[in-house]
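The following questions and answers introduce a single protein structure to a reader who has not met it before. Each answer sets out its reasoning and closes on the name or value requested.

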Amino acid sequence: MQHIAIFGGTFDPIHYGHLLIAETALEQIPIEKVIWVPSRNPPHKKAAAFEHRLSMLQLATRDHPAFTVSSVEMNHAGTSYAIDTLINLSAGYPNTYWYWIVGLDTFQTLPRWYRGHELAQMCNWLVAPRLLGGETIAQSELICKQVKQQLENQSDAIHWHLLHIPLMGVSSSLVRKLYRAGKSIRYLVPEDVKHYIADHDLYSDKSE
Ligand code: ATP
């Protein structure tokens, strides 16, 4: 049986926080591969075109032998749901034990996802602590336990694991905001991604 982690997100754009999380998961968990899955139509976000987000992911991950980018959501009509992504990917990767990588903020919303209770049991959750409300590792663990409790009130056991990772305040919104203000985004995103953003003028006021 192979062990694979899905890393889903908007990736608008991919940044070094995302890359560090995926690398940490490979280091700390016995998984062989991380599949990056950009969402086509994020339910509550306006984002750059799917093709641009996909291209930036490909540029940022191409040197890593254990990273794969999936366009499974490209032809998905309507809103994209995580459970459909897992079911679709499972068809191409039989005999796989699945993990799902999320930031703490995203994990907190899992009980409200479409068929979230079902999805919660279909994979093992790898949670990256995130500096949003100034959470410490102890507080992050507490939050994960609360999420587990909420889910288990209605379903079976949920498996989660907190990744040990240096907390990074980087976010895609910060990258977009800095770029729009004409500030440097160097060292927040890979160089190729920085050039891609500039070449396609993705996040200036004009492109809004
Ligand atoms: P935005 O700022 O536009 O909301 P984002 O930086 O959160 O974007 P997403 O593509 O929405 O990026 O995130 C994909 C996943 O990565 C989510 O589960 C999110 O919680 C997680 N994530 C992103 N950045 C970090 C970070 N710095 N630390 C921990 N988790 C993160």
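Q: Which residues of α1 are buried?
A: The model is a predicted one. A residue counts as buried when its relative accessible area is under 20%. In α1 the residues that satisfy this are Gly 17, His 18, Leu 19, Ile 21, Ala 22, Thr 24, Ala 25 and Leu 26.

Q: What distance separates the end C-alpha atoms of α1?
A: The helix has 13 residues, and at 1.5 Å a residue it should span 18 Å. The expected span is 1.5 Å times one less than the number of residues. The model agrees with this expectation, because the end C-alpha atoms of α1 are separated by 18 Å.

Q: Which residues touch the most other members of the largest nonpolar core?
A: In soluble globular proteins, nonpolar side chains tend to be buried together. The largest nonpolar core here has 35 residues. Those that touch the most other members are Ile 14, Val 34 and Trp 36.

Q: Which element gives the most residues to the largest nonpolar core?
A: The largest nonpolar core contains 35 residues. Two or more of them come from each of β1 (2-9), α1 (16-28), β2 (33-38), α2 (50-61), β4 (96-103), β5 (124-128) and α8 (191-199). With five residues, the element that gives the most is α1.

Q: How many residues make up the other core, which includes Trp 98?
A: This other core lies apart from the largest one. Among its members are Ile 6, Trp 98, Cys 123 and Val 127. The number of residues in it is 25.

Q: Which aromatic residues form one cluster with Trp 36?
A: Among the residues that Trp 36 touches, leaving aside those up to four places away in sequence, are Phe 7, Phe 11, Ile 14, Leu 57 and Phe 67. An aromatic cluster also includes Trp 36. Its partners in that cluster are Phe 7, Phe 11 and Phe 67.

Q: Is β2 largely enclosed or largely open to the outside?
A: The strand β2 has six residues, and five of them are buried. It is therefore, with respect to the rest of the structure, largely enclosed.

Q: Which residue of β2 stands opposite Gly 8?
A: The strands β1 and β2 run parallel and are joined by six bridges. Opposite Gly 8, in β2, stands Val 37.

Q: How many residues apart along the chain are Asp 192 and Arg 62?
A: Their side chains meet in a salt bridge, with 2.5 Å from N to O. Asp 192 is partly exposed because its relative accessibility is 31%, and Arg 62 is exposed because its value is 54%. Asp 192 belongs to helix α8 and Arg 62 to the loop between α2 and β3 (67-69), so placed that the pair links distant parts of the chain. Their separation in residues is 130.

Q: Which residues do salt bridges with shared partners join into one network?
A: Glu 191 forms a salt bridge with Arg 186, the closest N and O atoms being 3.8 Å apart. Glu 191 also forms one with Lys 194, again with 3.8 Å between the closest N and O atoms. Glu 191 and Lys 194 both lie in helix α8, three residues apart, about one turn of the helix. The network thus consists of Arg 186, Glu 191 and Lys 194.

Q: What is the angle between the planes of Tyr 93 and Trp 98?
A: A pair of aromatic rings is described by the distance of the centres and the angle of the planes. Tyr 93 is partly exposed at 22% relative accessibility, whereas Trp 98 is buried at 6%. Their rings form an edge-to-face pair with centres 6.0 Å apart and planes at 90°.

Q: Which residues does His 52 touch, not counting those up to four places away in sequence?
A: His 52 lies in helix α2. With a relative accessible area of 22%, His 52 is partly exposed. Its C-alpha atom is 9.8 Å from that of Phe 11, 41 residues away along the chain. The residues that His 52 touches are Tyr 196, His 200 and Leu 202.

Technical notes
Residues are numbered from 1 along each chain as its sequence is written. This is a predicted model: local features need pLDDT of at least 70, side-chain atom pairs count only at pLDDT 80 or more; totals for chains, interfaces and linings use all residues. Side-chain values use heavy atoms; hydrogens and water are left out. A nonpolar core is a set of buried Ala, Val, Leu, Ile, Met, Phe, Trp, Tyr and Cys residues joined through side-chain atoms within 4.5 Å. Buried means under 20% relative accessible area, exposed over 50%, partly exposed in between (1.4 Å probe, protein chains only). Helices (H or I, at least four residues) and strands (E, at least two) are DSSP runs, numbered from the N terminus. Contact means heavy atoms within 4.5 Å. A salt bridge is a side-chain nitrogen of Lys or Arg within 4 Å of a carboxyl oxygen of Asp or Glu. Rings of Phe, Tyr and Trp (its six-membered ring) pair if their centres lie within 6.5 Å; planes under 30 degrees apart count as stacked, over 60 as edge-to-face and the rest as tilted. Two strands pair if DSSP finds at least two bridges between them.
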